[in-house]
Each structure stands twice: as structure tokens, then as C-alpha cells.
Amino acid sequence: MRLPIPSVPDTLGIVNFRNARLPLTVGLPSAASPDGRSARWQSHREERRRELIKQARRAVHALGSDASMEEIATAAGTSKSVFYRYFGDKAGLQQAVGEVVLSQMQNRIKEAAQSAVTPREGLLAMVSAYLQMADTSPSVYAFVTSYSPGEAAVPAPAATGAGALGHFFDAIADMIATPMRSHLGDVGEAIIDFWPRAAIGLVRNAGEQWLSTPDSPTKPSQETMARHITAWLCVGIAPELTSAPPTTKLSAKEGL
């Protein structure tokens with residue numbers, strides 16, 4: 001028995017019929033879409049942390065540098081447990097606020113120094129910017145430059161105001177050293193290694209004493225204090241000593 005030979009249309013029909021049972025394309029397993037919930041939660045935590053830092057800064061400005069975590073939390077309209085959750089303890093909050101405040105001070109001091117022509121002008125500009133920023137809120141400045149142990153609710157990594165403060169003064173020392181290096185060259189390298197940090201010690205101690213001095217007719221203005229500090233850094237107090245009235249000379253028997 002002979003089988004009929006299918007015609008061309010019949011052959012196409014058989015092929016199409018069989019292919020109709022198969023998918024037109026072979027789909028590959030789709031890559032798992034990233035879970036955005038973790039990223040969104042992290043973003044939320046960072047935003048919440050920034051907001052708490054801002055509120056803490058306002059609270060300290062109003063209440064003073066000795067404000068407790070509970071007082072800061074109340075002023076921020078939340079509970080102190082929230083602050084403990086984000087910062088560990090008061091030292092952690094000081095560190096966090098200090099990173100923000102000191103970064104702003106560093107940028108302001110850097111901008112001031114860049115506009116100076118001579119090293120002395122640069123020092124004056126930096127000292128002026130430092131005093132101005134610190135005087136804007138002495139309470140906040142004291143809060144971020146001091147360390148308050150205790151008040152810890154949960155164990156936290158070692159984080160004190162010294163961390164942010166150390167980075168801040170390291171950066172300022174580098175700012176002072178840069179113009180000195182270009183002005184003095186290699187011959188002044190020994191001076192550059194030590195003098196900037198000695199200068200920072202003078203500026204900080206004199207500046208903080210000036211901040212804590214009550215207003216009175218004898219208290220120097222911010223501009224006058226900046227010029228005094230700059231003069232002490234550059235020429236010391238020799239002019240004041242030489243212009244002072246001579247003291248009575250004592251004999252060897254009278255002693256010093």
C-alpha cells in the first residue's frame with residue numbers, strides 16, 4: 001500500500017501544528033530583583049540620625065553644654081532611648097554632633113585662609129574664623145570639645161569628642177604648615193614639625209578662656225582678641241615686655 005505524499009501546504013501545516021505546542025521563546029530564569037527594603041531602611045536610619053543631630057545641636061544651644069540626654073531628648077520631642085539607640089551614650093552623641101560642627105568650622109577656616117596673601121594674614125584669618133564660629137554658640141562648642149563619661153544605656157564602641165576634635169586640629173595644623181613650608185622651605189622643616197601644634201594649643205586655650213569670660217568693658221572684642229592671638233603667635237609678647245616700665249633691680253642677697 002502506498003502512502004500519499006504530502007504536498008507543500010500539508011507539510012507546512014504539520015510543522016506549524018507541532019510548533020504550536022512549544023513556546024515561541026525559551027525563557028531564562030530572571031535574575032532576582034534586589035530587595036530595596038534594606039536600602040530604604042538604611043536611608044531612613046541615616047536621615048533620622050541627621051535629624052536627631054540637628055535637634056540635639058539646637059537643644060544644647062538653648063540648654064547649655066551640660067544638658068543631659070534626657071533633657072536633649074525632651075527638647076527634641078522624643079525619648080532618650082531613641083538617642084541611646086542611635087548614638088550609644090552621651091559621648092557618642094558628642095562625637096556625632098562634633099563631626100558636623102567641626103567639619104563646618106574646618107571648612108570656614110579653610111576658606112578664610114585661602115584668601116590670605118601672607119602667612120601672618122593667613123593666621124589672622126584662621127584665628128578670626130575660629131573665634132567667630134565658636135562664639136556663634138559657645139554651648140555647642142563646649143559640648144563637642146568636652147567628654148562626658150557615664151549616662152550609658154548600652155555598651156557602645158569607644159567614641160569620644162576627642163576623635164572628631166583630634167581630626168579637626170590635625171587638619172588645622174596641616175593648614176598652618178602648608179604656607180609655612182612654602183615660605184620657609186626645607187630649612188624650616190624642624191619648625192614646621194612642631195610649631196603648628198604649639199600654635200593650636202595657644203589658640204585653643206586663649207580662645208576658650210575668652211569664650212568663658214563674661215562680657216565686660218575689659219573683655220577684648222572678637223576682632224581684638226584675634227589680633228592679640230596672631231601677634232602672640234608671630235612675635236610673642238616681646239613688644240609688651242620692652243615697653244613695660246623697668247623694674248627695680250634686686251641685689252644677689254635679696255634674691256629673685
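The following dialogue explains how to read several features of this predicted model.

Visitor: Where should a reader begin, and how many helices and strands are there in the protein chain?

Guide: One begins with the secondary structure elements. The protein chain has 11 helices and zero strands. Followed along the sequence, its pattern is therefore written α-α-α-α-α-α-α-α-α-α-α, since helices and strands are numbered from the N terminus.

Visitor: What share of the residues of the protein chain counts as buried?

Guide: A residue counts as buried when its relative accessible area is under 20%. By that rule, 30% of the 256 residues of the protein chain are buried. The accessible surface of the chain amounts to about 17100 Å², and carbon and sulfur atoms account for 58% of it.

Visitor: How should contacts between residues be read along the sequence, and what percentage join residues at least 24 apart?

Guide: One takes the contacts between residues at least 6 apart in sequence and asks how many span a longer stretch of chain. In this protein chain, 71% of those contacts join residues at least 24 apart.

Visitor: Which residues is Met 225 in contact with, once its neighbours within four places in sequence are left aside?

Guide: Met 225 belongs to helix α10. With those neighbours set aside, Met 225 contacts Leu 131, Ala 206, Trp 210, Pro 220 and Trp 232. The C-alpha atom of Met 225 is separated by 8.4 Å from that of Ser 128, although the two residues are 97 residues apart along the chain.

Visitor: Is Met 225 buried or exposed?

Guide: Met 225 has a relative accessible area of 8%, so this residue is buried.

Visitor: How far apart are Val 144 and Val 101, in sequence and in space?

Guide: These two residues are 43 residues apart in sequence, while their C-alpha atoms are 7.9 Å apart in space. Val 144 sits in helix α7, which covers residues 138–145. With a relative accessible area of 1%, Val 144 is buried.

Visitor: How does one find empty space inside a model, and how many cavities of 30 Å³ or more are counted here?

Guide: Empty space is revealed by rolling a probe the size of a water molecule over the atoms. In this structure the count is one cavity of 30 Å³ or more. The volume of the largest cavity is about 130 Å³. It is lined by 13 residues, and those closest to its centre are Tyr 130, Ile 172, Ile 176, Ile 200 and Val 203.

Visitor: Which helices supply the lining of the largest cavity, and what classes of residue are found there?

Guide: Helices α6 (119–136), α8 (161–184) and α9 (189–212) each contribute at least two residues to the lining. By class, the lining of this cavity comprises 13 nonpolar residues, with no polar and no charged residues.

Visitor: How much space lies in the largest pocket, and which residues are closest to its centre?

Guide: A pocket, in contrast to a cavity, is open. The largest pocket holds about 370 Å³ of space. Of its 20 lining residues, Pro 119, Arg 120, Ile 176, Pro 179 and Met 180 are the closest to its centre.

Visitor: Which helix gives the largest share of the lining of the largest pocket?

Guide: Helix α8 gives the largest share, with six residues. At least two residues each come from α5 (90–114), α6, α8, α9 and α10 (222–235). The classes in the lining of the largest pocket are 15 nonpolar, three polar and two charged residues.

Visitor: How is a salt bridge recognised, and how many does the structure hold?

Guide: One looks for a side-chain nitrogen of Lys or Arg within 4 Å of a carboxyl oxygen of Asp or Glu. The structure holds six salt bridges. One of them joins the side chains of Arg 50 and Glu 47, at 2.8 Å from N to O.

Visitor: Where do Arg 50 and Glu 47 lie relative to each other in helix α2?

Guide: Because they are three residues apart in helix α2 (residues 36–63), about one helical turn separates them. Arg 50 is partly exposed at 47% relative accessibility, and Glu 47 is partly exposed at 44%.

Visitor: Which helices hold Lys 80 and Glu 70?

Guide: The side chains of Lys 80 and Glu 70 form a salt bridge of 3.9 Å, N to O. Lys 80 is in helix α4 (residues 80–87) and Glu 70 is in helix α3 (residues 69–76), so the pair ties together parts 10 residues apart in sequence.

Visitor: Are Asp 215 and Lys 219 buried or exposed?

Guide: Asp 215 forms a salt bridge with Lys 219, with the closest N and O atoms 3.5 Å apart. Asp 215 is exposed at 73% relative accessibility, whereas Lys 219 is buried, with a relative accessible area of 17%.

Terms used. Residues are numbered from 1 along each chain as its sequence is written. This is a predicted model: local features need pLDDT of at least 70, side-chain atom pairs count only at pLDDT 80 or more; totals for chains, interfaces and linings use all residues. Side-chain values use heavy atoms; hydrogens and water are left out. Helices (H or I, at least four residues) and strands (E, at least two) are DSSP runs, numbered from the N terminus. Buried means under 20% relative accessible area, exposed over 50%, partly exposed in between (1.4 Å probe, protein chains only). Contact means heavy atoms within 4.5 Å. Accessible areas come from the Shrake-Rupley method with a 1.4 Å probe; for residues, only the protein chains shown count as cover. On a 1 Å grid over the protein atoms alone, a cavity is a set of points where a 1.4 Å probe fits but cannot get out, and a pocket is an open set with protein on both sides within 12 Å along at least five of seven lines; lining residues have an atom within 4 Å of a point. Grid points are joined across faces, edges and corners, and a volume is the space filled by probe spheres set on the points. Ala, Val, Leu, Ile, Met, Phe, Trp, Tyr, Cys and Pro count as nonpolar, Asp, Glu, Lys and Arg as charged, and the others, Gly among them, as polar.
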